[in-house]
Amino acid sequence: MCIRDRCGHVDNSCKIHSFADPDSTTSLHFHKKVVTVATFLEAASLLFTGSQDGTLAAWKLAENKPVLKWYVCDHAAPVVSIDCNSQLDLVVTASQDASIALRVINTGKLLKKIRVEKSYSLKYVVKQVRLSGRGYVLVVMKERPGNVIGDYLIVYSINGEKVSSTKVCVALNCIVMDSLGYQFIAGGDNLLCQFDLLTLERFSVLDKGLISEGAEYLKYLEESITALDLSLIHISEPTRPLYISYAVFCLKKKKKKK
């Protein structure tokens, strides 16, 4: 199956092509305006489509025919990015109006709406959003026309609390989260950069001279990322993923009787 990231057609449909049968095409019709972005969640066989009309639709890709599971309208402007995480059971959408929406994958229930601060949205436009396995939302914003080239990164908790932000002097075209949700890799302008998710500290850069070794570099980064010590337990609400609770048991040693 092949689903393009920008897959809108003039009839406002989204088309799915099969690798097994190149002549087989399935058209999904729902949105009133052109589909601007689509994301496939393989673990649940769900396809999410966003449109210029601000709507998000969740499609169950059954063997016989795709079925519209649920749909919502969270934005007053076109949806520009979608990301999801099956472990958290969450899907996040971002719009050109600088609004972010978090919903439960299974039911479509709204969890949280986040509005990017006006001081950022006046100068930058949202272009990407990513959801980490630890329950953080990374928002990538680009400069509006006429401003200095560069992107702005903002990290929020799933409860809408701002964690950190930073300006980068390059345009980032691709963001990949590591499997543990502690770091991410960003690429753009002949650079591959490795960031810490919470602090947004950039501590590794692959320049243009080594860009041909990008595959080996990405493999090295994935192997070098290790989990934190078990002593670090996130209990506070801003960092606690949805539906996951933590318990700490303290055992007291019984004193022997004399």
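**Figure 1. Low-confidence stretches of the predicted model.** Over residues 209-214 the pLDDT (the predictor's confidence in each residue, from 0 to 100) stays under 50. For this stretch the model has 6 contacts (heavy atoms within 4.5 Å) beyond four places in sequence. Residues 225-246 also have pLDDT below 50, with 38 contacts beyond near neighbours in sequence. Where pLDDT is low, the predicted coordinates should not be read in detail. The chain has a mean pLDDT of 78, and 72% of its residues reach 70 or more. In this predicted model, local features need pLDDT of at least 70, side-chain atom pairs count only at pLDDT 80 or more, and totals for chains, interfaces and linings use all residues. Residues are numbered from 1 along each chain as its sequence is written, and side-chain values use heavy atoms, with hydrogens and water left out.

**Figure 2. The open sheet β7-β8-β9-β10.** Its 4 strands (DSSP runs of E, at least two residues, numbered from the N terminus) pair antiparallel; pairing requires at least two DSSP bridges between two strands. β7 (79-85) and β10 (110-115) are the edge strands. Strand β9 (residues 99-104) is joined to β10 by 5 bridges, and Ser-99 stands opposite Arg-115 in β10.

**Figure 3. The aromatic pair Phe-48 and Trp-70.** Rings of Phe, Tyr and Trp (its six-membered ring) pair if their centres lie within 6.5 Å; planes under 30 degrees apart count as stacked, over 60 as edge-to-face and the rest as tilted. Phe-48 and Trp-70 form a tilted pair, 6.1 Å centre to centre with 55° between the planes. Phe-48 lies in strand β4 and Trp-70 in strand β6, so the pair ties together parts 22 residues apart in sequence. Both Phe-48 and Trp-70 are buried (under 20% relative accessible area, 1.4 Å probe, protein chains only).

Technical notes
Buried < 20%, exposed > 50% of the residue type's maximum accessible area, 1.4 Å probe, protein only.
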